[in-house]
Amino acid sequence: MSSNDDVLYTPLLDAETPTLLHKISEEGGYAFVSMAVAAAENDMRAAEAAREMAWEQLHSGPWHSVLPIWRDAYAMACLHVAKLWYVKKEYKEAVRALDLGLIMGGLVLREELRSAVGMVVRKALTLREGGSQRRVNVVEGEFDVAEVKRILPVKSLSCKIIAKRSSLSLESFLRDYFISGLPVIISDCMDHWPAASKWNDMNYLERVAGFRTVPVEVGKNYLCSDWKQELITFSEFLQRIRTRDTPSANITYLAQHPLFDQIHELHQDIIVPDYCYAGGGEIRSLNAWFGPAGTVTPLHHDPHHNILAQVVGKKYIRLYPASLSEELYPHSESMLSNSSQVDLDNIDEKEFPNILDLDFLDCILEEGEMLYIPPKWWHYVRSLTTSLSVSFWWSNGGTSTMSP
């Protein structure tokens with residue numbers, strides 16, 4: 001018989017199960033309901049079968065067409081799987097199941113998933129043997145600008161450099177940049193973030209997030225045919241960054257992921273800048289961008305206001321105003337219409353003859369600086385070192401499709 005310490009309690013799951021199962025039945029999910037009932041009676045095979053059924057429903061068509069009840073069904077199944085792994089003291093497997101529920105599941109059981117993952121991670125950490133206490137920096141060593149210029153797109157750092165303002169007041173930001181729709185680098189506004197001192201320590205990141213499962217991108221960028229996505233633990237991701245000998249085709253990038261919604265400890269390390277409330281808007285999304293030198297986000301634009309905060313490392317960023325959209329050869333397909341066909345790292349001058357004549361703004365975004373990117377401004381981003389960035393998107397309406 002299990003002790004109380006061996007049980008992962010899920011009161012919200014228990015309370016919501018009858019209603020959720022009824023709704024799933026109404027959508028024809030009788031087999032799922034049967035497996036979920038068996039899973040609640042501690043049948044691991046049934047729990048895994050239920051999760052697989054819900055997973056298939058999540059991948060039955062475009063994401064926006066998936067019925068919300070199937071996202072809730074997936075979260076329910078993940079909770080059942082996690083509870084059974086927890087009883088077996090397989091805490092890493094339990095955390096993985098809960099993270100998948102957070103990444104892919106619906107809203108009804110989200111707080112239960114968050115609470116459960118906190119309990120399991122605390123339990124796992126109490127059993128982990130003490131690791132190295134020596135600080136291992138994510139980024140260290142000198143930075144050679146001359147060397148970097150040789151790998152940047154043609155004409156980089158030769159036109160207009162983005163304006164930089166220190167400790168910019170909110171009033172000045174509104175008057176000089178927000179209303180005018182102009183980009184600006186803001187320095188000396190992140191020193192008070194806990195992340196400023198914590199995130200350049202591999203051991204800290206391993207301790208607070210190592211067990212967690214995250215989605216990563218593998219390949220040069222999302223426009224390439226060999227690009228793919230994987231689900232790996234944060235610990236595995238850190239190991240890939242540590243090796244630093246990965247071929248460029250296999251670069252692993254944690255990109256445009258709501259990591260802070262998933263891992264509360266990291267959310268506590270950052271503070272939403274006051275600039276993000278300019279114009280009476282509201283935060284639309286808060287995403288992490290974490291990867292080694294060489295990660296690239298191709299030239300694209302977004303409908304939102306964006307503050308890109310560079311917490312660790314350096315990035316090269318090039319901006320073109322919205323007025324040049326037609327000259328930047330956007331893709332004709334609706335899914336990629338916010339992305340340019342031009343590969344700035346390997347420009348085909350015959351196919352895109354006018355691109356080299358266009359003016360742009362660019363910069364090397366330094367550690368501790370924020371960049372304001374107005375809506376519809378095209379931007380290309382390249383990590384010059386291992387880099388951890390946070391993007392804050394805000395607007396009065398609409399949704400974003402991509403950012404750096």
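User: Let's start with helix H6 in this model. Which elements do the buried residues of H6 pack against?

Analyst: A good way to read a helix is to list its buried residues and then see what covers them. This is a predicted model, and in it the buried residues of H6 pack against H1, H4, helix H5 (91-104) and helix H12 (259-262). Those buried residues are Arg110, Glu112, Leu113, Ala116, Val117, Gly118, Val120, Val121, Lys123 and Ala124.

User: Is there a general idea that helps me read such a list?

Analyst: Yes, there is a simple one. An α-helix has 3.6 residues a turn, so residues three or four places apart point the same way. With that in mind, look in H6 at Leu113, Ala116, Val117, Val120, Val121 and Ala124, which are among the buried residues. The list also includes Arg110, Glu112 and Lys123.

User: How does the span of H6 relate to the expected one?

Analyst: Here you set the end-to-end reach beside the value expected from the residue count. H6 has 18 residues and reaches 26 Å from its first C-alpha to its last, close to the 26 Å expected at 1.5 Å a residue. You can read H1 in a similar way: helix H1 (residues 11-26) has 16 residues and spans 24 Å, close to the expected 22 Å.

User: Where does H1 bend?

Analyst: A bend is found by following the direction of the axis along the helix. In H1 the axis bends by about 50° at Thr17, and a proline, Pro18, follows within four residues. Thr17 is also one of the buried residues of H1, together with Leu13, Leu20, Leu21, Ile24 and Ser25.

User: What covers the buried residues of H1?

Analyst: The cover includes H2, helix H4 (68-87) and helix H6 (110-127). Just past the end of H1, there is a backbone detail to look at: Gly28 takes a positive phi of about 85°.

User: Which residues have a positive phi although they are not glycines?

Analyst: Two cases to look at are Lys89 and Gln256. Lys89 has a positive phi of about 65° and is found in the loop between H4 and H5. Gln256 has a positive phi of about 50°, and its place is in strand E6 (residues 252-257). As for accessibility, Lys89 is partly exposed at 46% relative accessible area, and Gln256 is partly exposed at 23%.

User: Now the pair H2 and H3. At what angle do their axes cross?

Analyst: For a helix pair, read the approach, the angle and the hand, then the residues that meet. The axes of helix H2 (residues 30-40) and helix H3 (residues 44-58) come within 8 Å and cross at roughly 145°. The crossing is left-handed. From H2, the residues are Ala31, Phe32, Met35, Ala36, Ala38 and Ala39, and they meet Ala46, Ala47, Ala49, Ala50, Met53 and Ala54 in H3. By class, the residues of this contact divide into twelve nonpolar, no polar and no charged.

User: Let's go down to single residues. Is Gly101 buried or exposed?

Analyst: For one residue, take its accessibility, its element and its partners in turn. Gly101 counts as buried because its relative accessibility is 0%, under the 20% cut-off. Gly101 is found in helix H5 and touches Tyr74, Cys78 and Leu113, not counting residues up to four places away in sequence. Leu113 appeared earlier among the buried residues of H6.

User: Why does Leu231 count as partly exposed?

Analyst: Leu231 has 30% relative accessibility, so it counts as partly exposed. Leu231 is found in strand E5 (residues 228-233). Leaving aside neighbours within four places in sequence, Leu231 is in contact with Arg96, Leu100, Ile103, Thr213, Val214 and Pro215.

User: And what does Leu358 touch?

Analyst: With neighbours within four places in sequence left aside, Leu358 is in contact with Tyr320, Leu324, Glu327 and Leu328. Leu358 lies in the loop between strand E10 (315-320) and strand E11 (361-365), and at 12% relative accessibility it counts as buried.

User: One last residue: where is Trp289?

Analyst: Trp289 is in strand E7 (residues 282-291) and is buried, with a relative accessible area of 0%. To read sequence separation against space, take Trp289 and Leu254: they are 35 residues apart in sequence and 5.6 Å apart in space, C-alpha to C-alpha.

Technical notes. Residues are numbered from 1 along each chain as its sequence is written. This is a predicted model: local features need pLDDT of at least 70, side-chain atom pairs count only at pLDDT 80 or more; totals for chains, interfaces and linings use all residues. Side-chain values use heavy atoms; hydrogens and water are left out. Axes are lines fitted to C-alpha atoms, for helices over the stretch in contact, and angles run from 0 to 180 degrees between N-to-C directions. A crossing is left-handed if the near helix is turned anticlockwise from the far one by less than a right angle, and right-handed if clockwise. Contact means heavy atoms within 4.5 Å. Ala, Val, Leu, Ile, Met, Phe, Trp, Tyr, Cys and Pro count as nonpolar, Asp, Glu, Lys and Arg as charged, and the others, Gly among them, as polar. The expected span of a helix is 1.5 Å times one less than its number of residues. The bend at a residue is the angle between axes fitted to the seven residues ending there and the seven starting there. Buried means under 20% relative accessible area, exposed over 50%, partly exposed in between (1.4 Å probe, protein chains only).
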